[in-house]
Amino acid sequence: MPEKRKIRFNHSALYDSARWLTAALLVMASIPAPAYSHAPATTPAATTPAATPAAATTPAAKASPRPAPAFTLPATDGKTHSLAAYRGRSTVLFFYCGCRWCHQSAQSWSRVQRSGALAQLGSSQARNPKPGAVSKNSPQGSRAPLTLVVYLGDKSEAQQFAGKTQLDRKQTIFLADPDEKVSSLYDAAPCPRVFVVDGESRIRYTNNEKGADSYKIPAPLITARTLDALRAVARPVAPAKAVPAPSQKKPKPAAKDHR
Amino acid sequence: MPAFLTPAGADEVPPPVAPPPVAPTPVAPGEAVPLKLTVLAVDGVKSEEPSAGVLNYGALDLLTTSTIEHEFTLRNDNKVPVRIVRLQATCGCTSLLLGEGEEASKTLAPGEQVKVHASVDVTRFHGSIRKAVRAYGTNDTVPLATMTIEASLKEAITFSASQIDFGRVAAGTARSVPLTVTAHPRLATNGTLPKLFSSNPDIQISAIPNGKTVERPAGSTAPYVQRYLLTIGAKASTGPINGVISFTSPAQPHTQGTPSNFAPMDAALQRASVPIYGEVAGRITAMPAMVIFGTGASGKQQVILSSSFPASLQNLKVKSLNPWVVARLVLPPSPAAKVTKAAAKTSPPAPATAVLLELSLKPNAPDGGLETQVVISNQVGDRLNVPVSVYVEPALPQE
């Protein structure tokens, strides 16, 4: 029998290594995740046409999602709504001030609502439910993505905006943010701003073209990018490849003594 | 920094009388207090609190006013210097300038004042507006001061409805919806308003009564009222009813926003529009009723065509009206495939009740928005238009 070697742990070195590793982890955790830019998250296998390479090549496409700040606001329906109430369901968060750009963005998005594209997304999510997703009969209701409009004004102004836009009332909740506190929380200026929040309350997309200013981007393009992001969120997650368990071969029986 | 817009008709205003400095709030030792700047309550500005000022312009006629602006005055009433790092408006309609020139930041000594020029393009709004401008220091979350501009806007043109909804119209039938336009009398030339257009060729517009103009006394300042009848014809294609009613000819589509060099009356006519909705229901329906690709990055899109008349789904033909959009039918496997040969001889295969339409975008489609249709037809006279929309992203420059 070979002599067992004693392995001595260098406790001091190990402690130092752990200390540095812990410090590194703490530093990394304190750095906020970069804002997810306009390019939606696409998997390498996405059927991206050659005409739109931007969606797959912008650096922000690789940014990781960050938690959506929680908030509670009064709505034009007289109730108070919290973002947390819609956990398990994708939501599209629009920040509008009532200017013409906001109107154009809202009208463009209303086409998406009326086309049935969001209901189609809800159906696809029903077929491929993700962990934590709500059921169709849950209090949160349908699986189709919900539109939340945070209006930078009081309830009466939000009501006025709701009446002038063609957003579907059945798919949209109009929230009033007169003090612009939630807008500040999301750093949503300037308008129009949109955030796609997944069922786990993570921001998966936002139009943060601060350099070009979001209001200079055509409303149909804001809508198109938002819809792409929603579809990326709804896309079924490829199951992780099963890692074969290490083979647990039975130890060979000891050779019989054939004496 | 945004350009400074010259005030329209600015007259000489006597210099404001600055109120006495506000004594800073006493602070307990060791207690951190967020620094604030005082918004001076001068020139009509009312202070809800020292660091928040509101200027209410009251009612504005959009035919005579395109921009409102004001010069707020901020003062540092703290005992320490305060640095203004940035000004933030929540809307791109508001232009801001700090100080006398295009200063990116400004440090105010105790007691020092600085001007903040705020200019709002009101042509981009409906109804009432409330635009806030915030000054931030090194603390990016708590503003040093908030300056708000309010106004109530009087539209030059209003429609009796915010949208025209034809509802569900059976194919082969016509339907009419009334629309009333109320306009500022200055917009009427020789007693008539400019012509109203529909971007949807299936919708006709006729003025009531019978196209004759309503007689008005000369020099009348009362709003001009004109009634119209919007009619979707019996030959309209089946599918969603889309479009807008406006004073802009479809040959000259709306531009994004309103150019700043438009005369107020032209701007009022250009921005006045009302969207059209509805559906012409035929025997074939599509779900979704409209295909929106997004940027096209999501790949192929699918539409389920169904009908309560199975015969309508037989021998379908598909035609894309745009060469960049490819449409093809994906027929379900025939139930007859599972039937034995002997049974197939005696009973015909059951017709499909749903068919899948698959749309895809060809590579290298031109950048920009693309609006088109895919037409589905059969041999029994059914025809369905499926609108298709895509906005192709411009390619990033290669590094």
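Visitor: How do you know what helix α7 (residues 219–234) of chain A should span, and how far apart are its end C-alpha atoms?

Guide: At 1.5 Å a residue, the 16 residues of α7 in chain A should cover 22 Å. The expected span is defined as 1.5 Å times one less than the number of residues. The end C-alpha atoms of the helix are 23 Å apart, which agrees. This is a predicted model in which local features need pLDDT of at least 70, side-chain atom pairs count only at pLDDT 80 or more, and totals for chains, interfaces and linings use all residues, while side-chain values use heavy atoms and leave out hydrogens and water. Residues are numbered from 1 along each chain as its sequence is written, and chains are lettered from A and ligands numbered from 1 in the order in which they are written.

Visitor: How many helices and strands does chain A have, and what makes a stretch count as one?

Guide: Chain A has 7 helices and 8 strands. Helices (H or I, at least four residues) and strands (E, at least two) are DSSP runs, numbered from the N terminus.

Visitor: Why is α7(A) called largely enclosed by the rest of the structure?

Guide: Of the 16 residues of α7(A), 15 are buried, so the helix is largely enclosed. A residue is buried at under 20% relative accessible area, exposed at over 50%, and partly exposed in between (1.4 Å probe, protein chains only). Across chain A, 48% of the 259 residues count as buried.

Visitor: Why is Thr223(A), which lies in helix α7 of chain A, placed in its burial class?

Guide: The relative accessible area of Thr223(A) is 5%, and therefore this residue counts as buried. Apart from residues up to four places away in sequence, Thr223(A) touches Ser105(A), Ser108(A), Trp109(A) and Val112(A). A contact is called when heavy atoms lie within 4.5 Å.

Visitor: Which residues does Ser108(A) touch in turn, and where does Ser108(A) lie?

Guide: Ser108(A) belongs to helix α3 of chain A. With residues up to four places away left out, it touches Ala219(A), Pro220(A) and Thr223(A). Its relative accessible area is 13%, so Ser108(A) is buried as well.

Visitor: What makes helix α3 of chain A mostly covered, and what does it reach from end to end?

Guide: Buried residues make up 13 of the 16 in α3(A). This helix, residues 100–115, reaches 23 Å from its first C-alpha to its last, close to the 22 Å expected. Following α3(A) comes Gly116(A), with a positive phi near 95 degrees.

Visitor: What share of the contacts in chain A joins residues 24 or more positions apart?

Guide: Among contacts with a separation of 6 or more, such residues account for 70%.

Visitor: Why is Tyr57(B) called partly exposed?

Guide: Tyr57(B) has a relative accessible area of 29%, which places it in the partly exposed class. It is part of strand β3 (residues 52–61) of chain B. Neighbours within four places aside, Tyr57(B) touches residues including Ile68(B), His70(B) and Ile149(B).

Visitor: Where is Gly233(B) found, and why does it receive its exposure class?

Guide: Gly233(B) is in the loop between β17 (224–232) and β18 (239–240) of chain B. At 27% relative accessible area, Gly233(B) is therefore partly exposed. Beyond four places in sequence, it is in contact with Thr173(B), Ala174(B) and Asp202(B). Gly233(B) and Ala171(B) are 62 residues apart in sequence, and their C-alpha atoms are 9.4 Å apart.

Visitor: What makes the backbone at Ser201(A), Asn315(B) and Pro288(B) worth noting?

Guide: Most residues other than glycine have a negative phi, and most peptide bonds are trans. Ser201(A) is not a glycine, yet its phi is positive, about 60 degrees. Asn315(B), likewise not glycine, has a positive phi near 55 degrees. Met287(B) and Pro288(B) are joined by a cis peptide bond, with omega about 0 degrees.

Visitor: Where do these residues sit, and are Ser201(A) and Asn315(B) buried or exposed?

Guide: Ser201(A) lies in the loop between β7 (193–197) and β8 (202–206) of chain A, and at 14% relative accessibility it counts as buried. Asn315(B) is in the loop between β23 (301–306) and β24 (317–320) of chain B, and at 52% it counts as exposed. Pro288(B) is in the loop between β21 (285–287) and β22 (291–294) of chain B.
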